[in-house]
Amino acid sequence: MENTIKERLILFCKKNNISRSAFARSIGVSATYVGSIRKSIAPDKLQRIAELYPELNIDWLLTGKGEMLRDSKRDEVSAQPALSGDMLAYL
């Protein structure tokens with residue numbers, strides 16, 4: 001299991017053939033942003049990631065628990081990706 005948010009984010013990018021710089025640009029940050037992540041991601045960046053990459057399980061990204069990708073059948077009820085109450089409390 002990847003131990004840090006940065007490692008999990010890099011793994012997500014690799015598995016989806018997205019360069020780190022392209023990912024960073026897509027969420028509106030500098031190309032070096034992913035490499036500079038230490039312990040957490042700012043809530044506004046996390047919300048942007050959730051909006052642009054709805055398949056990414058944000059709980060997994062932050063904690064390493066669960067699967068990398070969200071269960072699309074379970075999540076069909078929710079049309080708008082959002083941070084769960086637990087994840088907002090984590091931030």
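This report walks through the helices, the core and a few notable residues of the chain shown above.

**Overall build**

The model is predicted, so what follows describes a computed structure. The chain holds 7 helices and 0 strands, and from the N terminus on its elements read α-α-α-α-α-α-α. Of the 91 residues in the chain, 34% are buried. About 5,700 Å² of the chain is exposed, and carbon and sulfur atoms supply 50% of that area. As for contacts between residues at least 6 apart in sequence, 55% of them join residues at least 24 apart.

**The nonpolar core**

In soluble globular proteins, nonpolar side chains tend to be buried together. Here, the largest nonpolar core has 23 residues. Those with the most contacts inside this core are Phe23, Ile41, Ile49, Leu56, Ile58 and Leu61. The elements that give two or more residues to the core are α1, α2, α3, α4 and α5. Of these, α1 gives the most, with 5 residues.

**Helices α1 and α4**

Let us start with α1, which spans residues 5–15. The buried residues of α1 are Ile5, Arg8, Leu9, Ile10, Phe12 and Cys13, and they pack against α2, α3 and α5.

Now to α4, which covers residues 43–52. Which residues of helix α4 are buried? They are Lys45, Leu46, Ile49 and Ala50. Seen down the axis of α4, these buried residues fall within an arc of 140°, so they line one face of the helix. The general geometry helps here: an α-helix has 3.6 residues a turn, so residues three or four places apart point the same way. The cover over the buried residues of α4 includes α2 (20–26), α3 (33–36) and α5 (58–63). Ile49 appears twice in this account, as a buried residue of α4 and among the core residues with the most contacts.

**The aromatic cluster**

The structure holds 2 aromatic pairs. In one of them, the ring centres of Phe12 and Tyr53 are 5.8 Å apart and the ring planes meet at 85°, so the pair is edge-to-face. Where do the two partners lie? Phe12 belongs to helix α1 and Tyr53 to the loop between α4 and α5, so the pair ties together parts that are 41 residues apart in sequence. Phe12, Phe23 and Tyr53 form one aromatic cluster. Phe23 is also among the residues with the most contacts inside the largest nonpolar core.

**Four residues and their accessibility**

The table gathers the values for four residues discussed in this report.

| Residue | Relative accessible area | Class |
|---|---|---|
| Phe12 | 0% | buried |
| Tyr53 | 11% | buried |
| Asn57 | 16% | buried |
| Asn17 | 74% | exposed |

**Two asparagines in loops**

Is Asn57 buried or exposed? Asn57 has 16% relative accessibility, and because the cut-off for buried is under 20%, Asn57 counts as buried. This residue sits in the loop between α4 and α5. Leaving aside residues up to four places away in sequence, Asn57 touches Glu67, Met68, Leu69 and Arg70.

Asn17 lies in the loop between α1 and α2. With a relative accessible area of 74%, Asn17 is exposed. Its backbone deserves a look on your screen: Asn17 has a positive phi of about 50° although it is not a glycine. Along the chain, Asn17 follows α1.

Terms used: Residues are numbered from 1 along each chain as its sequence is written. This is a predicted model: local features need pLDDT of at least 70, side-chain atom pairs count only at pLDDT 80 or more; totals for chains, interfaces and linings use all residues. Side-chain values use heavy atoms; hydrogens and water are left out. Helices (H or I, at least four residues) and strands (E, at least two) are DSSP runs, numbered from the N terminus. Buried means under 20% relative accessible area, exposed over 50%, partly exposed in between (1.4 Å probe, protein chains only). Contact means heavy atoms within 4.5 Å. Accessible areas come from the Shrake-Rupley method with a 1.4 Å probe; for residues, only the protein chains shown count as cover. The arc is that of the directions from the helix axis to the C-beta atoms. Rings of Phe, Tyr and Trp (its six-membered ring) pair if their centres lie within 6.5 Å; planes under 30 degrees apart count as stacked, over 60 as edge-to-face and the rest as tilted. A nonpolar core is a set of buried Ala, Val, Leu, Ile, Met, Phe, Trp, Tyr and Cys residues joined through side-chain atoms within 4.5 Å.
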